[in-house]
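Subject: Structure for your review

Dear colleague,

Please find below the structure that I am handing over to you. My notes on it follow directly after.

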Amino acid sequence: MKTVLITGATSGIGKATAFELAKKKYNLIICGRRKERLTIIEKELSRFTKVASLCFDVRDKKAVFSEIDSLSGEFKEIDILINNAGNAHGLDPVQSGDLEDWDAMMDINVKGLLYVSKAIIPEMTKRAKGHIINIGSSAGKEVYPKGAVYCASKHAVIAITDGMRIDLNPFGIKVTAINPGLVETEFSKVRFKGSYKADNVYKGYKALQAKDIAEIIAFALSRPAHVNIADLLVFPTAQASSTIVKRG
Ligand code: NDP
Ligand code: 8X3
């Protein structure tokens, strides 16, 4: 069975994807910073499949490489990488944006994705086999007010995805970007640092659920060898663009 490494598997899209793929019997390596959540999720997933967990911050270059290098046995050969870890931090106009928020978004969403990819891709090229799914965003397709840096980070994810697809083409490695619109996860709690503002983001319409994206990821993975879903944009029906959402 294929082995999948999922970053950001302690919550939201990553966690739902872990459960979706566990039921389909993929071997799983789940990653995140919150150790206690990893332990609980690993135990739950073990009812369905073989699971390993790695606890690291994708910003920590050394930890990324040493944790991935520590994998052994059947977890050593990673067939599928799902680069999902990421978040928005803040929603502010560029003139008053917070430097710490900017660092977090660029370091996690862009550089973290690169570090994890760099730790895994050489084994894939050696075996001339693999599939990388990067979770971008509708924010990688357009820019909305107060979202300059988050949107920049997700534009970068799409550019990196396209670049990976070109560079890895000689090795037969599939590279996919899945770009969701509004998904009801912990995303807004993180963006608004737990403030009441997070409560309103998914009110008055039916947002995408993490499982909706997990099912799409499973579908992309289940395509025959000659089919690669290169880039996919998915909105809730109520959403037409980053700023147009039919509520009420
Ligand atoms: P959640 O906040 O629910 O999940 C984010 C996950 O990323 C958590 O598992 C978290 O784990 C992990 N993570 C965050 N920072 C780090 C870090 N520094 N190192 C390692 N892991 C980290 O949000 P979502 O599930 O919604 O987000 C998943 C992805 O989907 C992100 O890339 C996001 O940008 C993207 N996305 C989300 C949308 C939405 O509306 N929700 C829409 C479009 C894209 P831990 O804290 O344990 O480290
Ligand atoms: C998350 C969706 O619209 O908050 O990427 O940027 S949005």
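I begin with a single contact: the side chain of Thr185 reaches the backbone nitrogen of Phe187 at 3.0 Å. Please bear in mind throughout that this is a predicted model. Thr185 sits in the loop that runs between β7 (183-184) and α6 (187-191). Apart from its neighbours within four places in sequence, Thr185 is in contact with Gly12, Ile13, Tyr202 and Ala210.

Ligand 1

Thr185 also has a part in the surroundings of ligand 1. There are 30 residues around this ligand, and those that come nearest are Thr10, Ser11, Arg33, Tyr150 and Thr185. Two backbone contacts may be noted. A polar backbone atom of Val58 is 3.0 Å from a nitrogen atom of ligand 1, and a polar backbone atom of Gly86 is 3.5 Å from an oxygen atom of the ligand. A side chain is involved as well: an oxygen atom of ligand 1 has a polar side-chain atom of Asn87 at 3.0 Å.

Ligand 2

Around ligand 2 one finds Ser137, Ala139, Tyr144, Tyr150, Gly181, Phe187 and Arg191. Tyr150 is thus listed here and is also among the residues that come nearest to ligand 1. Phe187, whose backbone nitrogen is reached by Thr185, is likewise one of the residues around ligand 2. Three side chains place a polar atom by an oxygen atom of ligand 2: that of Ser137 at 2.5 Å, that of Tyr144 at 2.6 Å and that of Arg191 at 3.5 Å.

Helix packing

Three pairs of helices deserve your attention.

The axes of α1 (residues 12-23) and α2 (residues 35-45) come within 10 Å and cross at roughly 20°. Since angles under 35 degrees count as roughly parallel, α1 and α2 are therefore roughly parallel to each other. The crossing of α1 past α2 is right-handed. On the α1 side the contact is made by Lys15, Ala18, Phe19 and Ala22, and on the α2 side by Ile41, Glu44 and Leu45. Sorted by class, this contact of α1 with α2 comprises 5 nonpolar, no polar and 2 charged residues.

Helix α3 (residues 61-69) approaches helix α4 (residues 99-127), their axes coming within 9 Å and crossing at roughly 30°. These two helices, α3 and α4, are therefore also roughly parallel to each other, and α3 passes α4 in a right-handed crossing. Lys61, Val64, Phe65 and Ile68 of α3 meet Tyr115, Val116, Lys118, Ala119 and Ile120 of α4. By class, the contact of α3 with α4 holds 7 nonpolar, no polar and 2 charged residues.

Helix α4 packs against α5 (residues 148-167) as well, at an angle of about 15° and with the axes 8 Å apart. That makes α4 roughly parallel to α5. Here too the crossing, of α4 past α5, is right-handed. From α4, the residues Trp102, Met105, Met106, Asn109, Val110, Leu113, Leu114, Ser117 and Ile121 take part. They meet Val149, Tyr150, Ser153, Lys154, Ala156, Val157, Ile160 and Met164 of α5. The classes in this contact of α4 with α5 are 13 nonpolar, 3 polar and 1 charged. Tyr150 of α5 thus meets α4 and is also one of the residues around ligand 2.

With kind regards

Terms used. Residues numbered from 1 in each chain as written. Chains lettered and ligands numbered in written order. Predicted model: local features only at pLDDT ≥ 70, side-chain atom pairs only at ≥ 80, totals over all residues. Heavy atoms only, no water. Axes fitted to C-alpha atoms, helices over the stretch in contact; angles between N-to-C directions. Helix = DSSP H or I, 4+ residues; strand = E, 2+ residues; numbered from the N terminus. Parallel < 35°, antiparallel > 145°, perpendicular 65-115°, else oblique. Left-handed = near helix turned anticlockwise from the far one by under 90°. Contact = heavy atoms within 4.5 Å. Nonpolar A, V, L, I, M, F, W, Y, C, P; charged D, E, K, R; others polar. Polar contact = N/O pair within 3.5 Å; in protein donor to acceptor, adjacent residues only side chain to side chain. Near = heavy atom within 4 Å.
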